[in-house]
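User: I've got this model open and I'd like to go through what the labels rest on. Can you take me through it?

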Amino acid sequence: MAKTFTKSKLRDMASGYTFMSPVIIILGCFLLLPIAYAIFLSFHKVNLLGTVSYKFTGTANFERMLDDPRLWIALRNTAKYALIVVPSQTILALLLASILNMKLRYRNFFRIAFYLPTVTSSAVLVLIFMWIYNSNGLLNYLLELVGLPTYNWLGDPSVALLGIMIMNVWSTAPLFMVIYLAALQDIPENLYEAADIDGANAWHKFWRITVPQLKPVTFYVIVMGIIGTFQLFDQSYIFSAGSGGPNNATLTMVLLIYQYAFKNLDMGYASALAFLLAVVIMLITVVQRLIFREERLN
Amino acid sequence: MKKSASVTLGSMLALSLVVSGCGNGSKNGESASPSAGASESASPAKGQVEVTLAGWGSSPDEQQLLQQVLDEFQTKNPDVKVKYEVIADQYMDVIKTRLIGNEAPDLFYLDAFEAPALIEKDVLEPLDGYVTPEFDLGDFEAPTVNAFKSADGKIYGFPKDTSTLALFYNKKMFADAGIEPPTTWDELLTASEKLTKKNGNKVEVYGLGQAPELARQMFMIQAFGGQLTDDQGMAAFATPEAEKGLSLVIDQHTKAKTAGQPSDVGAGWGGEMFGQQKAAMVIEGNWAIPYIQSNFPDVDFGTVEVPTVNDKKGTMAFTVAYVMNKNSKQKEAAWKLLSYLTGKEGMKTWTSKGFALPTRKSVAAELGFDKDPLRGALVAGSSYATSWQAGAALPTIMNNFNNQFVAAYTGGSSLTDAMKKAQETANKEIKAGQ
């Protein structure tokens with residue numbers, strides 16, 4: 001009896017793994033192996049150009065981080081970027097979604113119009129925005145019209161990152177708007193009706209019903225937002241032609257990793273930096289989970 | 001719950017690693033597959049050897065001229081088929097990655113400033129053994145070949161052309177202001193004063209258009225006896241002598257406000273700024289001449305040598321060579337092509353339109369650019385120009401210098417602080433990378 005059980009179990013397992021093998025192989029080759037290899041590389045000094053060599057250097061790559069001023073600039077830029085972009089895009093997404101959830105005329109038109117920025121390729125977006133940010137461009141023209149000071153958005157280190165922030169909020173908020181919109185339609189109507197009977201006004205209903213009901217979605221939106229902002233690459237890459245300039249103002253973590261990996265060909269150090277980025281993102285996610293869970297207990 | 005948390009975390013780690021990896025990978029993959037603009041896709045016929053040649057993109061006119069040289073070569077050498085690829089963006093990143101992957105072209109362009117690093121890595125073919133008497137090595141201007149020599153004197157590339165910088169000036173603006181083109185830097189500052197046109201607080205026309213980057217300002221470091229690097233190739237530009245030259249550039253922007261960078265007026269580079277008549281003078285190279293002539297035909301301009309600083313003449317020289325991949329499988333055929341492109345005949349066609357200056361004395365004499373009204377100043381510059389080259393670590397030094405120099409240029413920090421920081425960061429990075 002036991003034997004046949006094992007046999008059938010084995011057969012089950014075999015067929016199960018056979019069905020899963022394409023996924024296992026693909027994930028293994030393109031996900032697990034690269035991760036393992038990146039961790040392996042981060043403990044080595046790698047020379048790829050010319051004579052290929054791997055030299056085990058222990059934690060040298062990680063020690064080097066402490067004394068790398070550009071890493072701290074990149075981390076600061078990235079953190080600043082995330083701190084401003086994530087809240088702005090989350091609030092904007094929630095506002096847009098609430099507006100679109102009302103019984104408006106031409107609602108579908110607005111839904112499509114608001115969503116369009118997300119569909120546009122980010123490279124194209126950056127190029128268009130670089131025209132808008134041009135010293136003689138649209139943005140400065142508008143600022144001048146209302147009497148505000150104008151900036152050299154592309155060349156002035158103090159505003160270059162802000163330019164990318166504005167662009168990214170504008171293009172990512174609609175994506176999260178759609179997620180919020182779907183969640184909004186899931187909130188049972190009777191909650192609002194009960195609130196009406198209790199004499200709540202629109203603001204109360206929004207703050208006391210809508211926002212708490214959306215909390216799981218907000219968690220998701222913030223986590224994805226933070227991961228997205230910490231991985232900012234293409235915009236600042238195109239914006240600064242790969243240099244992270246002016247004056248390192250648009251240097252982000254991933255751009256720094258790119259520079260070390262493909263400009264300096266220092267794969268070991270670049271892998272170590274990628275590892276650091278992963279750890280930072282994980283830590284932030286853990287902290288967020290803790291915060292959100294605590295509130296639930298209350 | 002616990003399990004799902006760890007799964008979430010795990011997948012987030014995986015996701016973040018993969019996404020950051022992908023960002024790099026796909027970018028690189030994208031550019032690595034060459035956008036072969038002018039390449040010939042047909043496979044080589046029987047008995048033909050295929051040689052791939054890669055370069056960065058340039059104007060359609062230049063592209064056409066190169067195609068003409070390649071066609072001439074193929075008519076003379078029916079046994080060699082040339083496959084020409086254009087690498088549109090981030091040229092050196094793509095070339096290095098393809099060298100690592102053993103997918104590099106047989107021949108490719110190499111800027112003098114990147115040459116020491118590649119020579120050090122031993123990925124280029126030394127060319128001394130191929131040189132024949134007919135190739136006439138002595139015909140090259142010595143500095144242009146020396147830029148591609150290793151420490152032990154082997155030659156790794158032959159220069160295809162060179163460019164220097166000269167002062168471009170707008171003839172009409174100068175006539176209106178009643179002044180002559182400047183010959184010293186003091187005269188340049190006074191001229192800029194007169195040529196700058198303001199509308200309220202906003203500058204409409206700058207006297208001088210500047211390029212606040214190392215490639216254009218290296219000769220200013222040397223003007224008062226400063227130097228970019230020391231004997232070990234480490235950055236050594238944070239000295240009072242170097243700053244004296246650089247402060248001429250900075251002060252004219254921050255204090256006198258008679259000079260600006262292209263992005264201040266919404267232009268992409270100096271030539272565009274000059275063509276749009278938002279700068280009365282710019283310091284640019286050969287490449288700006290055909291650009292301004294074809295895009296801004298109404299602008300009447302002249303060129304003179306870069307004004308003297310500290311009574312010394314100075315300018316920059318940018319040299320580009322053809323080099324051969326050490327792992328090339330078609331070395332003989334590749335040399336045939338390389339020696340034709342850098343030979344007297346090929347170079348004459350290639351430089352005939354004056355997009356760049358020839359590096360062979362005989363070709364220069366034959367084409368007579370020294371007597372050309374627009375190119376004479378550029379040719380004159382080559383005798384005293386500073387080569388855009390300074391050891392294997394120059395790309396690192398350049399990146400740090402440019403970043404900090406912009407900070408000083410935009411008034412974010414003092415020049416002394418900026419240069420000190422740039423030098424420290426660059427040297428740290430060089431040491432850590434060794």
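Analyst: Sure, and let's start with the word "contact": two residues are in contact if their C-beta atoms, placed from the backbone, lie within 7 Å. Keep in mind that this is a predicted model. By that cut-off, 26 residues of domain 1 of chain B are in contact with 23 residues of domain 2 of chain B.

User: What makes up the side of domain 1 of chain B that touches domain 2 of chain B, by class?

Analyst: That side has 13 nonpolar, 9 polar and 4 charged residues. H15(B) gives the largest share of it, 4 residues. As for the domains themselves, the assignment gives domain 1 as 49-163 + 318-387 and domain 2 as 165-317 + 390-433, with their C-alpha centres 28 Å apart.

User: How do you know where the largest nonpolar core lies relative to domain 1 and domain 2 of chain B?

Analyst: Look at who contributes. The core has 126 residues, and B:Leu107, B:Phe168, B:Ala279, B:Leu337 and B:Leu338 are those with the most contacts inside it. Helix H16 (residues 394-409) of chain B supplies the largest share, 9 residues. Both domains of chain B give residues to this core, so it lies between them.

User: Which residues does B:Ala279 contact, leaving aside neighbours within four places in sequence?

Analyst: B:Val205, B:Tyr206, B:Leu208, B:Gly209, B:Met273 and B:Phe274.

User: Why are the buried residues of H2(B) said to be on the same side?

Analyst: First, "buried" needs 20 or more other C-beta atoms within 10 Å of a residue's own. In H2(B), the buried residues are B:Leu66, B:Val69, B:Leu70 and B:Phe73. They cover an arc of only 95° around the axis, so they sit on the same side of H2(B). The general rule behind such patterns is that an α-helix has 3.6 residues a turn, so residues three or four places apart point the same way. The buried residues of H2(B) pack against strand E2 (80-87), helix H12 (331-341) and helix H13 (344-351) of chain B.

User: What does the face of H2(B) turned away from its buried side carry?

Analyst: Exposed residues: B:Pro60, B:Gln64, B:Asp71 and B:Thr75.

User: How does the reach of H2(B) compare with what is expected at 1.5 Å a residue?

Analyst: Helix H2 (residues 60-76) of chain B has 17 residues and reaches 24 Å from first C-alpha to last, close to the expected 24 Å.

User: And how many residues does each chain bring to the contact between chains A and B?

Analyst: Chain A brings 46 residues and chain B brings 42. On the chain A side, H13(A) gives the most, with 7 residues.

Key
Residues are numbered from 1 along each chain as its sequence is written. Chains are lettered from A and ligands numbered from 1 in the order in which they are written. This is a predicted model: local features need pLDDT of at least 70, side-chain atom pairs count only at pLDDT 80 or more; totals for chains, interfaces and linings use all residues. Helices (H or I, at least four residues) and strands (E, at least two) are DSSP runs, numbered from the N terminus. Domain bounds come from an automatic or database domain assignment. Ala, Val, Leu, Ile, Met, Phe, Trp, Tyr, Cys and Pro count as nonpolar, Asp, Glu, Lys and Arg as charged, and the others, Gly among them, as polar. The expected span of a helix is 1.5 Å times one less than its number of residues. A residue is buried if 20 or more other C-beta atoms lie within 10 Å of its own, exposed if 12 or fewer, and partly exposed in between; C-beta atoms are placed from the backbone. The arc is that of the directions from the helix axis to the C-beta atoms. A nonpolar core is a set of buried Ala, Val, Leu, Ile, Met, Phe, Trp, Tyr and Cys residues joined through C-beta atoms within 7 Å.
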